[in-house]
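Trainee: I'm new to this one and would like a close look at a single part. Could you take me through the largest pocket, and then show me a bit of sheet to compare notes on?

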Amino acid sequence: MYATGKYSSRGPALIPRMKTKHRIYYIALFSVVLLGLIATGMFQFWPHSIESSAEWTLEKGSVHDAPLIRLPASSPIPERGDLSCRMHTCFDVYRCGYNPKNKIKVYIYALQRFVDEFGVPISSTGLSREYNDLLSAISDSDFYTDDVTRACLFIPSIDVLNQNSLRIRETAQALAMLPRWDKGMNHLLFNMLPGGPPDYNTALDVPRDRALLAGGGFSTWTYRQGYDVSIPVYSPLSADVVLPERQPGPRHYFILSSQTAIHREYRAELERLKEENGEALLLLDKCSNLSQGAASARKRCYKGQVYDYPQILQESSFCVVLRGARLGQAALSDVLQAGCVPVILADSYILPFSEVLDWKRASVVIPEEKLSEMYTILKSIPHRQVEEMQRQARWFWEAYFSSMKAIGLTTLQIINDRIYPYAARTYEQWNNPPVVKWSSVNSPLFLPLIPPRAPGFTAVVLTYDRIESLFRVITEISKVPSLAKLLIVWNNQNKSPPEESLWPKVGVPLKVVRTKENKLSNRFFPYDEIETESVLAIDDDIIMLTSDELQFGYEVWREFPDRLVGYPGRLHLWDHEMGKWKYESEWTNEVSMVLTGAAFYHKYFNYLYTYKMPGDIKNWVDAHMNCEDIAMNFLVANITGKAPIKVTPRKKFKCPECTAIDGLSLDQTHMVERSECINKFASVFGTMPLKVVEHRADPVLYKDDFPEKLKSFPNIGSL
């Protein structure tokens with residue numbers, strides 16, 4: 001039995017009907033709650049502050065269109081500055097928070113014109129071109145945000161780069177009026193020319209509370225280590241004068257001094273050094289016979305002879321940078337741009353970005369009291385070290401000094417590294433010039449891993465017509481325990497290889513590949529027959545290597561699978577008289593190449609050599625029938641940024657059967673052409689990728705007075 005009920009359009013009759021006045025009440029209440037929820041949701045996505053809509057840019061109007069802010073005389077003034085400030089005491093790192101990119105967010109205040117109660121501007125210059133460039137670079141970077149609520153760091157649009165143009169009290173009042181100032185917490189000021197006459201303080205005199213200062217003339221007395229950032233004094237010549245990079249090496253002058261405002265005691269000492277050392281030292285001063293102006297600022301004189309500045313800096317190995325009225329000098333930037341090693345004499349000076357840059361690699365710092373010993377000190381530095389310092393000096397300028405953008409973004413990166421130390425740049429990233437690499441090629445090597453011993457290596461033997469020598473090489477290589485396969489590259493199209501029955505009997509697969517053309521590059525072709533990761537390239541006349549030497553070479557390669565591992569080492573040198581590179585095969589203490597007449601490498605480099613070698617290098621090698629080994633050394637060094645590894649003491653290959661007819665290396669023009677190869681390849685690569693090292697790998701017990709039978713590799717050759 002089912003109960004039945006009456007229904008109406010309003011619902012079951014059993015449910016009592018709501019009174020009209022109550023229904024209106026609840027509908028109104030529901031509407032209010034709904035509107036409240038909608039408003040709350042909109043608030044979450046609506047800009048939280050009017051400040052966030054004022055994105056920093058000069059394109060919206062000229063400086064004269066910026067809002068005018070009048071400063072009452074009674075406006076508060078920040079405190080002088082807390083010398084005890086550190087990141088954990090005066091900086092709110094929690095404002096930065098966590099973000100997946102480990103990148104601080106920087107907010108730039110909207111541009112405003114501050115004047116005192118009488119309408120006089122706080123700065124005589126307003127917004128300088130340099131500060132405009134700095135703010136523009138930051139606003140275009142990944143650091144920038146136009147949302148003030150997301151900001152970790154705040155940068156005022158008030159230009160304090162040059163204290164000479166500022167009214168100190170009024171500038172401080174303007175800073176205190178910034179809406180997010182909060183005693184300078186998380187605010188960053190950029191200043192390059194601090195102090196003023198007569199004492200020239202080494203830090204900005206504007207009271208700034210707890211604000212961080214990126215300053216261009218800090219001393220050890222005013223620099224708050226780990227809080228402030230020491231920056232360079234930007235040289236306007238960086239934008240106006242282009243100095244092409246010069247190859248490192250000796251220059252026309254040994255020491256050059258080009259600063260014009262040197263204290264008379266320092267100039268007297270430099271003149272005495274000039275008298276003692278003659279033409280090795282060039283002492284320049286401003287030109288008294290030229291009219292003042294921009295043109296005269298780019299000239300220097302010595303006894304009436306006029307020199308172009310800063311071009312003359314490129315003619316000296318070392319350039320003196322003495323303190324002036326201020327510790328920080330724009331001359332340092334000019335010297336670095338010229339690739340001249342700066343000799344810095346400025347006691348207590350905090351060098352630019354010294355928190356991350358290793359200045360020992362690019363400069364010589366001498367106490368002011370030792371100015372008289374400067375020539376002797378510099379003469380004691382080895383030539384190769386001077387060349388490295390010249391190269392590093394130029395790179396420091398390109399990376400960190402060359403523009404206001406470089407200076408600004410480097411400053412922010414240093415602060416970023418403090419806040420996110422687990423994602424900070426390493427010493428190598430800050431100080432090592434980047435290796436030239438091809439974006440289209442990525443090495444597949446898992447460098448920290450050691451390939452297993454089991455697969456062994458494939459020996460690729462390039463041969464033409466030396467049958468007896470070839471067979472001896474095969475016989476010797478077959479004794480190596482880790483040999484997995486022999487691949488013979490037959491490079492003679494006019495003659496067939498020997499019959500199969502004539503070949504030596506070996507315990508591993510032996511495959512003969514016939515090439516279509518006689519090319520040296522055939523030895524580096526990525527043949528399908530190469531199934532192991534490791535390849536031993538070896539010539540058909542290398543009969544002197546023992547099985548112990550070859551096995552040891554393979555073991556070394558397993559630990560360094562991204563390197564060329566070979567036996568005879570060679571070196572590239574810069575010929576200062578000829579002004580170009582030369583090939584050196586004599587016995588030296590250094591190595592930058594190993595001959596691929598016998599060398600281990602990863603088979604991936606066969607692919608790169610064949611299909612990704614830049615320019616016309618591969619064709620040039622085949623046309624000249626020379627230098628394929630140098631090309632491979634260039635290739636591997638350019639990809640990895642690492643030097644080859646020389647193993648065992650052997651310095652040269654001896655071929656008892658070779659004659660002047662069939663021995664390529666005995667050709668009289670061989671050395672000259674090898675030098676031409678190095679210069680050709682360096683030109684194509686656009687750099688010199690080869691790295692120089694002063695070590696080799698030997699078995700642990702190689703020279704120990706220990707029974708031979710207990711050594712893993714007793715039969716190691718001596719030549």
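**A small sheet and the largest pocket**

Mentor: Let's begin with the sheet, since Leu189 makes a handy starting point: Leu189 stands opposite Leu213 in β8. Keep in mind that this is a predicted model. Strand β8 covers residues 212–215, and β7 pairs with β8 in the parallel sense over four bridges. Step back a little and you'll find an open sheet of three strands, in the order β7-β8-β9, with parallel pairing. Here β7 (188–191) and β9 (229–230) are the edge strands; each has a single partner strand, so one side of each is left without a neighbour in the sheet.

Now for the pocket you asked about. The largest pocket holds about 1,600 Å³ of space. It has 44 lining residues, and the closest to its centre are Glu388, Arg391, Pro433, Met688 and Lys691. Four elements give two or more residues to this lining: α10 (383–401), α12 (427–431), β22 (569–575) and α18 (670–685). Of these, α10 gives the most, with eleven residues.

What about the chemistry of the wall? The lining of the largest pocket divides into 16 nonpolar, 14 polar and 14 charged residues. If you'd rather think in domains, the lining draws at least three residues from domain 2 (236–402) and at least three from domain 3 (457–652 + 664–697). To find the spot on screen, start from α10, the element that gives the most to the lining, and look for Glu388 and Arg391, which are among the residues closest to the pocket's centre.

Key
Residues are numbered from 1 along each chain as its sequence is written. This is a predicted model: local features need pLDDT of at least 70, side-chain atom pairs count only at pLDDT 80 or more; totals for chains, interfaces and linings use all residues. Side-chain values use heavy atoms; hydrogens and water are left out. Two strands pair if DSSP finds at least two bridges between them. On a 1 Å grid over the protein atoms alone, a cavity is a set of points where a 1.4 Å probe fits but cannot get out, and a pocket is an open set with protein on both sides within 12 Å along at least five of seven lines; lining residues have an atom within 4 Å of a point. Grid points are joined across faces, edges and corners, and a volume is the space filled by probe spheres set on the points. Ala, Val, Leu, Ile, Met, Phe, Trp, Tyr, Cys and Pro count as nonpolar, Asp, Glu, Lys and Arg as charged, and the others, Gly among them, as polar. Domain bounds come from an automatic or database domain assignment.
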